[in-house]
Amino acid sequence: MSGLDKAFGVSPQVLALRTQKLNLLSANIANASTPDYKARDIDFRAAMSTALNESSQLKRTHEQHFDINGATSGAPVKYRVPSQASVDGNTVEMHREHTAFMENAVRYQASANFLDSKIRALRTAIKGE
Amino acid sequence: MIMSLFNAINISATNLEAQTIRLNTVSSNLANANSVSGSEADTYKPLEPLFAPMLNQAQMGMSNEGAGVKVTAVMESNEPANKEYMPGHPLADEEGFIYTPAVDQAQEAAHMMDASQAYKSSVEAINTTKALIMRTLTIGR
């Protein structure tokens with residue numbers, strides 16, 4: 001991690017995970033009427049601690065190895081347990097997906113705001129005004 | 001990251017297309033609910049779209065990204081046509097029967113409600129994602 005990355009704190013990782021979660025929730029909403037579709041989501045707490053704990057990431061022993069940490073793989077995906085299973089095998093529950101989607105969007109904006117204020121603070125420090 | 005947010009828009013857009021096809025089949029079924037014909041083979045068969053998750057060759061269900069939805073086929077229902085004895089009808093066959101499609105109007109209405117709700121949900125998802133993209137573009141301004 002370079003110095004600038006540290007200055008931004010956890011916000012970049014949060015935005016990446018929120019984006020992945022948004023993708024999965026969009027897919028759940030899109031597949032609400034697909035038979036046998038299983039709703040999927042990420043465990044945000046576990047994903048966040050993995051993203052922050054660098055020792056749990058794979059190390060490259062050769063510079064030509066692929067870097068599989070970070071954006072390429074994303075957090076592991078889990079299946080949702082439905083509170084009321086439907087007959088066609090679909091486990092999407094619209095109310096849950098909608099609330100999760102909205103919550104995710106609001107938290108994404110919150111992280112964007114934090115990132116914004118950190119950038120503003122850095123700028124103030126650089127200019128010395 | 002922005003690319004990935006665009007991906008979410010694409011996923012929701014696949015649902016708009018799928019639900020449009022579904023609404024089209026519902027309209028077609030309801031429009032033809034009362035078309036009479038003189039033989040079982042000529043009778044309109046109710047249409048039914050088949051939905052499946054849209055998986056890329058590379059991901060095949062193992063991916064950590066979301067999958068869209070696609071209509072794999074629009075199938076004709078094999079429900080037998082309704083047979084009615086109406087010897088006076090101009091289209092009646094030699095035994096005096098006419099045939100009407102096996103369209104269940106209540107079921108079609110339910111499909112229509114479900115499709116329009118699903119469509120609205122995805123439109124909402126697209127709008128929210130767009131707001132997030134615009135917000136991301138202004139980080140650091």
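Buried area is the accessible area that two parts lose on being put together, summed over both. Keep that in mind as you look around this predicted model.

**Stop 1: the two chains together.** Colour chain A and chain B separately and look at where they meet. Chain B and chain A bury about 2,700 Å² between them, and 58% of that is on carbon and sulfur atoms. Now select the residues in contact: you should get 35 from chain B and 37 from chain A.

**Stop 2: the polar links.** Next, turn on side chains across the interface. There are 13 residue pairs in polar contact between chain B and chain A, counting pairs with both residues at pLDDT 80 or more. The salt bridge count between these chains is 1. To see it, select B:Arg135 and A:Asp116, whose side chains come together at 3.0 Å, N to O.

**Stop 3: chain B's side of the contact.** Stay on chain B and show its cartoon. At least two residues each come from α1 (2-31), β1 (47-54), β2 (68-76) and α2 (105-137) of chain B on the side touching chain A. Which element gives the most to that side? Pick α2(B), with 10 residues. Colour the side of chain B that touches chain A by residue type and you'll find 12 nonpolar, 17 polar and 6 charged.

**Stop 4: a backbone oddity in chain A.** Finally, hop over to the loop between α2 (11-30) and β1 (40-42) of chain A and click on A:Asp36. Most residues other than glycine have a negative phi. A:Asp36 isn't a glycine, yet its phi is positive, about 65 degrees. Show the surface here too: A:Asp36 is exposed, with a relative accessible area of 55%.

Note on methods: Residues are numbered from 1 along each chain as its sequence is written. Chains are lettered from A and ligands numbered from 1 in the order in which they are written. This is a predicted model: local features need pLDDT of at least 70, side-chain atom pairs count only at pLDDT 80 or more; totals for chains, interfaces and linings use all residues. Side-chain values use heavy atoms; hydrogens and water are left out. Contact means heavy atoms within 4.5 Å. Buried area is the accessible area (1.4 Å probe) that two parts lose on being put together, summed over both. A salt bridge is a side-chain nitrogen of Lys or Arg within 4 Å of a carboxyl oxygen of Asp or Glu. A polar contact is a pair of N or O atoms within 3.5 Å; within protein, one must be able to donate a hydrogen and the other to accept it, and residues adjacent in sequence count only if both atoms are side-chain atoms. Helices (H or I, at least four residues) and strands (E, at least two) are DSSP runs, numbered from the N terminus. Ala, Val, Leu, Ile, Met, Phe, Trp, Tyr, Cys and Pro count as nonpolar, Asp, Glu, Lys and Arg as charged, and the others, Gly among them, as polar. Buried means under 20% relative accessible area, exposed over 50%, partly exposed in between (1.4 Å probe, protein chains only).
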